[in-house]
Amino acid sequence: MKFFVDTAEIADIKELADTGLLDGVTTNPSLIAKSGRDFMEVTKEICGIVDGPVSAEVVALDHATMMKEAEVLRKIADNVCIKVPLTVDGLKTCKALTGEGTMVNVTLCFSANQALLAAKAGATFISPFVGRHDDNGFDGMDLIEDIRLIYDNYGFATEILVASVRHTTHVLQAAKIGADVMTAPPKVIHGLFKHVLTDNGIEGFLKDWEATGQSIL
Ligand code: E4P
């Protein structure tokens, strides 16, 4: 399972990239606004930190303008992945871009039928938003299960990128279902490393080790 971080904060991306466990980055217009940085500048910087896909989202709503925006964005770096919304124009843009060999992440997916359309449009990634789905009285993980089943039925190569991840249980559930990728805020990824029994165990071992008076180095 690939791990992407969902942020435009450079310090957070660098810290996670240093672990060697980060496979890519996703951003969206809200995250860019939160960073307070220039979109082009910060995207270029992120692309230099990670080798994997860095999603940069178009903001136009019509196909022709989406294509123009994508043209600008994909020139930033080879690892830019163009993010388009799950609309008719977004999927037209997806089909055109992937046909030219550009990676595309289809975002704002809230139904398995939408995911089916994205796969037919040749999407590199489909981003179902599990957290926002949960917030609206549905089970986001049911959506992931349905998409996994449909994609496996037809052998679609589109990768399921579980997005809008709010907690570590979402990551566990996504992994059990067999999602290809998950993108989460830095805090959630850091939470994956933690377990109270790990901390307690280290504390106990170190106490006993100190009592031996020995040193390894
Ligand atoms: C995915 O690519 C989106 O940027 C993101 O996961 C949205 O998450 P949110 O619902 O927490 O805003």
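Threonine 124 touches Thr98, Thr102, Met103, Val104, Thr158 and Glu159, leaving aside residues up to four places away in sequence. Contact here means heavy atoms within 4.5 Å. Threonine 124 sits in the loop between H6 and strand S6 (125-128). Helices (H or I, at least four residues) and strands (E, at least two) are DSSP runs, numbered from the N terminus. At 22% relative accessibility, threonine 124 counts as partly exposed. Buried means under 20% relative accessible area, exposed means over 50%, and partly exposed lies in between (1.4 Å probe, protein chains only). The C-alpha atoms of threonine 124 and asparagine 105 are separated by 5.9 Å. Along the chain, these two residues are 19 residues apart.

This is a predicted model: local features need pLDDT of at least 70, side-chain atom pairs count only at pLDDT 80 or more, and totals for chains, interfaces and linings use all residues. Residues are numbered from 1 along each chain as its sequence is written, and side-chain values use heavy atoms, with hydrogens and water left out.

**The whole chain**

The chain has 11 helices and 8 strands. Its C-alpha trace spans about 70 × 40 × 30 Å along its principal axes. Of its 217 residues, 45% count as buried. Take the contacts between residues at least 6 apart in sequence: 57% of them join residues at least 24 apart.

**Two helix pairs**

Two packed helices are described by the angle between their axes and the distance between the axes. Axes are lines fitted to C-alpha atoms, for helices over the stretch in contact, and angles run from 0 to 180 degrees between N-to-C directions.

Start with helix H6 (residues 112-120) and helix H8 (residues 140-154). Their axes come within 9 Å and cross at roughly 40°. H6 and H8 are therefore oblique to each other. Angles under 35 degrees count as roughly parallel, over 145 as roughly antiparallel, 65 to 115 as roughly perpendicular and the rest as oblique. The crossing of H6 and H8 is right-handed. A crossing is right-handed if the near helix is turned clockwise from the far one by less than a right angle, and left-handed if anticlockwise. From H6, the contact uses Ala112, Ala115, Leu116 and Ala119. From H8 come Leu143, Asp146, Ile147, Ile150 and Tyr151. By class, the contact of H6 with H8 has 8 nonpolar, no polar and 1 charged residues. Ala, Val, Leu, Ile, Met, Phe, Trp, Tyr, Cys and Pro count as nonpolar, Asp, Glu, Lys and Arg as charged, and the others, Gly among them, as polar.

Next come helix H1 (residues 10-17) and helix H3 (residues 39-49). They pack at an angle of about 10°, with their axes 10 Å apart. That makes H1 roughly parallel to H3. Ile10, Ile13, Lys14 and Ala17 in H1 meet Val42, Glu45, Ile46 and Ile49 in H3. This contact of H1 with H3 divides into 6 nonpolar, no polar and 2 charged residues.

**Helices with a buried face**

In helix H9 (residues 168-177), His170, Val171, Ala174 and Ile177 are buried. Seen down the axis of H9, these buried residues fall within an arc of 130°, so they line one face of the helix. The arc is that of the directions from the helix axis to the C-beta atoms. Leu172 and Lys176, on the other side of H9, are exposed. The partners of the buried H9 residues include strand S1 (2-6), helix H7 (130-135) and H8. Strand S7 (159-162), strand S8 (181-184) and helix H10 (186-193) are also among them.

In H10, Pro186, Val188 and Ile189 are buried. They cover an arc of only 165° around the axis, which puts them on the same side of H10. The buried residues of H10 pack against S1, H1, H9 and S8. Lysine 187 is also found in H10. At 73% relative accessibility, lysine 187 counts as exposed. Its C-alpha atom is separated from that of alanine 112 by 28 Å.

**Positive phi**

Most residues other than glycine have a negative phi, and most peptide bonds are trans. These residues have a positive phi:

| Residue | Phi | Place |
|---|---|---|
| Leucine 108 | about 60° | strand S5 (residues 104-109) |
| Serine 164 | about 60° | loop between S7 and H9 |
| Glycine 178 | about 100° | just after H9 |

Leucine 108, at 33% relative accessibility, counts as partly exposed. Serine 164, at 10% relative accessibility, counts as buried.
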